[in-house]
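Hi,

Here is the structure I promised to pass on. Have a look at it first, and then read my notes underneath.

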Amino acid sequence: MESTYVERVVIVAFAAVVLSFLGATWFSERQSGEIQRAALSIQGNAAPSIRRLATAAAELRHLQLLVHRALEQESGSSAVVAIETARAQLDEQLAAYELLPVYPREDASWRRAESAVGRLDGDLSTITEALDRGDRSSAHQLEGRLDRSSEALALALSQDTDLNAAAAASLAKEIQTNRRRGIIWALLLDGVGILLAIAAAAWALRVGRAYSRAVKACGEMAERRAEELDQFASRMAHDVRTPLSVVGLSLQIVDRHGGEDPRFRRAAKRACGAFQQVQVMIDALFDFAHAGAHADPRARASVSAAADGVAVGVCTRAEEVGAELVVHARSRALVACPGGLVEIAIGNLVNNALTYVEGRDKRIVTIATADQGATTKVSVSDTGPGLPSGTDPARIFQPHVRGTNARGRGLGLGLATVKKIVEAHGGHLGVSSSPDGCVFWFTLPIVPSDTPAPGIVHRSAIVAS
């Protein structure tokens, strides 16, 4: 539960860091979009509108000036052409302005401008017609009306210009505000993200240190338990073996001279079986404790000789099981390990194999030794059912670990003893499994020697029917 809680806290912390940076990026992009919108509005609407209105106002003043000159200089048709040209240029600027988007309240101002344009057109038409007829008196009478309509149009254009200028100023202020707000929020969110990242890193570091301390404590506890188990096993084996030997001898005498009563004979047989089982357990504990001893660098042994010795020692059990025991002793090397410990390692693997081939249609246990460069490899294969599905190969070598299909009433120390012997002498071990059986193996470093190792170097087989 604690581990799950820590994982959730770390995940949430780093998710918050990521979200804070994503939020800062999103807000910055949003503010940039607002700034771009305002800038485009100024560029594409306010500025062109002001330019068109200002040009239209200038054209209006030029048109008004041309009319006054035509009335004062008493010019003829050339003045009328100049007035009409100026009027066309004014219309061009107003038409271009009408094509641009409008801001709020700009429609009302433009309607007033259109009304003033209509009056201006009427006055200009009347004046130019009078000039064409040479009726300058009538044209002079309309001069005042033309000035009033021109001023009305100029006022409307000025109002539209002011509206666009105000809109541009508002947009510029909006750009400044959005930019300032974007900077503030980006810094704030980045700061939050940095703080969360620091907090998450500190939390992860704290959890990592706590985990390291827990692993170290578990390792130390495992070492203490292993030492205590070694001490207990050694004392147990030493203290119990002697009285058990007396009990075993007494049971053999009772079994041999105890009479023919069937009940007595069955009870004696059960007692002998129980004694043998206890003896097996004590031997396993003693071997396990003995395997924890430090390696003797002066010890020398031949793994082939040890394999042959094991084969001879377990032939009786192989006959009881009805198994064929095959030895391929091809190694000629010596290893820096006492021969008794090598025999214990091989013997535990062979006894384990005999346990699992019992009752199978095909019952073969093979011991093989071979040199592989700087090491000697010993393998024990069987035709048993193999390891159960999902079994961790490394776990079965731990003390007191028995498989789900384990047979017999052992303490689960046989493979652990093999592991302690092999690793104490610089070797490695492992297992491979299939539905056709298992292959347990271990290697030991070869001791350089100028002379071949003694021992068996041939193939031998013990077959039990």
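Below is what I found, going from the whole chain down to single residues.

Before anything else, keep in mind that this is a predicted model. The protein chain has 465 residues, and 37% of them count as buried. You'll find 10 helices and 8 strands in the chain. Its accessible surface adds up to about 26500 Å², with 57% of that belonging to carbon and sulfur atoms. I also looked at contacts between residues at least 6 apart in sequence: 79% of these join residues at least 24 apart.

Now for a spot on the outside. Phe21, Ile194, Leu195 and Ile198 make up a nonpolar patch on the surface, and together they have about 400 Å² of accessible area. Helix α5, which covers residues 143-257, supplies the largest share of this patch, with 3 residues. Phe21, on the other hand, sits in helix α1 (residues 2-73). So is Phe21 buried, exposed or partly exposed? Its relative accessible area is 36%, and buried means under 20% while exposed means over 50%, so Phe21 is partly exposed.

Next, try finding strand β2, which spans residues 324-329. This strand is mostly covered, as 5 of its 6 residues are buried. Which strand does β2 pair with? The partner is β4 (residues 364-372): 6 bridges join the two, and they run parallel. If you'd like one pair to look up, take Ala329, whose bridge partner in β4 is Thr369.

Happy browsing!

Methods. Residues numbered from 1 in each chain as written. Predicted model: local features only at pLDDT ≥ 70, side-chain atom pairs only at ≥ 80, totals over all residues. Heavy atoms only, no water. Patch = residues over 30% accessible without salt bridge, like charges linked within 9 Å, V, L, I, M, F, W, Y side chains within 5 Å. Areas by Shrake-Rupley, 256 points an atom, 1.4 Å probe, with all protein chains shown as cover. Salt bridge = Lys/Arg side-chain N within 4 Å of Asp/Glu carboxyl O. Helix = DSSP H or I, 4+ residues; strand = E, 2+ residues; numbered from the N terminus. Buried < 20%, exposed > 50% of the residue type's maximum accessible area, 1.4 Å probe, protein only. Pairing = 2+ DSSP bridges. Contact = heavy atoms within 4.5 Å.
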